[in-house]
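Student: Could you take me through one part of this model closely, the sheet and what surrounds it? I would also like to hear about the salt bridges.

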Amino acid sequence: MRNPKCDGANIVRLSATQTFGMNLMHTKTDSLEQHVLALGSDELDEERISRHLRPLFSRSLHHSREVIYLANHSLGRALDQTENDVIEGLGHWYADRENAWTMWLEEMAAFRGRVATLIGAPRADCVVPRASAGQGLRTLLNCYASPIRVITSADEFNSIDHILKTYARRGRIHLTRIAPKDGRLYRLEDFLDAVRDESDLVVLSQVMFTTGQQLSFLPSLIDAAHQQGAKVLLDLYHAAGAVPVDVAALDIDFALGGSYKYLRGGPGAGWLYLHPRHLDGTLETLDSGWFAESEPFAFARPQAPELAAGGNRFLESTPAVLPFYQARAGLLLTLSLGVERLRRYSLKQQLFLEESLRRSGIPCLGRAEERGAFIAIPHRHAQVVAETLEQAGVICDAREGLLRFCPDMLNTREELTIAADKLAEIWTRLP
């Protein structure tokens, strides 16, 4: 292996337009750029999406042409360009062998820059690549030599929930799980007493994976935690790309996220965000590797590893590089369209679907503006309903007594109407 520079810390933060234009120079086709530019900056509508954006997803749409896909909150549909991007990453391996690392590390740095722009991070090296949210959480928990007091909700995604319970069972943390006191939705008051009771770390999702609730009270809770001296970790998996995120404005300490869902980048392209105040060398994790060293390609092995400055000190060993290419097209599309514009269109789709369901007497949890990108529908046989819908050609899913429907910009109003009608047919047959 030669000596490429891993210079993620030196990337300046770019605007969405600059990032989009700069990174398209690395692609093998200008199709994505042409379609987005032709779309213009007006509000999204079904006709313009059909003409300019649906052609970018011809393969995904072809394979799902006989079903209505409303599980976009689970695995987001891939762009055609994604295959070309992955082939580009492989091409460096075929053609350049060890010199491929120069291009691979450039793509890793570009990935960090794109994510930083997406979530409002002040600089690119605040974003540290991770294969999963769970890996990012372990990175932080393994910064502490003695047990810490962790506050979390009873509705965190399984990977987070599993790791916290495992660490608690082994005595590595003292864990308090908070359930909502009134129905399925959380309020600030549910957490305040626990957070003020000498907590060290608060772990919460911005958008809950079960109900879709967006925690609007986060600024107040973060402030209360910081007054107590606690740090805050947000899981942004159901927020990034679906609702506007600004980690700097929230002043959160840490965040987890990935490209699996709304960013259309599939598994493996995850990340950990660390506020710059935690990049001064006072925070050090056991979950680091030789890429975290100040000069990893010098291949020196001092008695105590000399860690890089900034976020690079949290890098691990040799990274998987293809996920950075896999995530490229989805991130570029999201940045060029703008999350605010995508959010406004998502709310229109949710309201249309919600009204269609309401006419059939089917209740939805919460209000559209209080949710992330999907609608949660309570039913004690939710899993049976989801399986029956799949047989009828509608793909959704169920979690803990809640049916989850997630329209995205590729779904037409006709599809949403059909899905609502099919659900209404099943609804009347079940107790």
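Tutor: Happy to! One cut-off will help us first: a residue is called buried under 20% relative accessible area, exposed over 50%, and partly exposed in between. By that scale Glu43, with a relative accessible area of 32%, is partly exposed. Please keep in mind that this is a predicted model.

Now to the sheet. Seven strands form an open sheet in the order S2-S8-S7-S6-S5-S3-S4, and the pairing is mixed. Strand S2 (127–130) and strand S4 (173–178) are at the edges; each has a single partner strand, so one side of each has no neighbour in the sheet. From one strand to the next, the twist averages 20°.

Look next at strand S3 (residues 148–153) and strand S5 (residues 201–205), which pair in the parallel sense over three bridges. Thr152 has Val203 in S5 as its bridge partner. Helix H8 (residues 158–169) packs on the sheet, where it touches S3, S4, S5, strand S6 (231–235) and strand S7 (254–258), and its direction makes about 135° with that of S4.

The loop between S3 and H8 holds Ala154. Ala154 is partly exposed, at 26% relative accessibility. Beyond its neighbours within four places in sequence, Ala154 is in contact with Arg177, Ile178, Ala179 and Tyr186. Ala154 and Leu204 are 50 residues apart in sequence, and their C-alpha atoms are 9.6 Å apart in space.

A salt bridge also involves S3: the side chains of Asp200 and Arg149 meet at 2.9 Å, N to O. Asp200 is in the loop between H9 and S5 while Arg149 is in strand S3, so this pair ties together parts that are 51 residues apart in sequence. Asp200 is partly exposed at 23%, and Arg149 is partly exposed at 33%.

That loop brings us to helix H9 (residues 189–196), which packs with helix H10 (residues 218–228) at an angle of about 10°, their axes 9 Å apart. H9 is therefore roughly parallel to H10. Phe191, Leu192, Val195 and Arg196 in H9 meet Leu221, Ala224, Ala225 and Gln228 in H10. Of the residues in this contact, six are nonpolar, one is polar and one is charged.

As for the other salt bridges, the count comes to 28. One of them joins the side chains of Glu43 and Arg344 at 2.7 Å, N to O. This pair links distant parts of the chain, 301 residues apart: Glu43 is in the loop between helix H2 (31–39) and helix H3 (46–52), and Arg344 is in helix H14 (residues 339–359). Arg344 is partly exposed, with a relative accessible area of 39%.

Technical notes
Residues numbered from 1 in each chain as written. Predicted model: local features only at pLDDT ≥ 70, side-chain atom pairs only at ≥ 80, totals over all residues. Heavy atoms only, no water. Pairing = 2+ DSSP bridges. Helix = DSSP H or I, 4+ residues; strand = E, 2+ residues; numbered from the N terminus. Axes fitted to C-alpha atoms, helices over the stretch in contact; angles between N-to-C directions. Contact = heavy atoms within 4.5 Å. Buried < 20%, exposed > 50% of the residue type's maximum accessible area, 1.4 Å probe, protein only. Parallel < 35°, antiparallel > 145°, perpendicular 65-115°, else oblique. Nonpolar A, V, L, I, M, F, W, Y, C, P; charged D, E, K, R; others polar. Salt bridge = Lys/Arg side-chain N within 4 Å of Asp/Glu carboxyl O.
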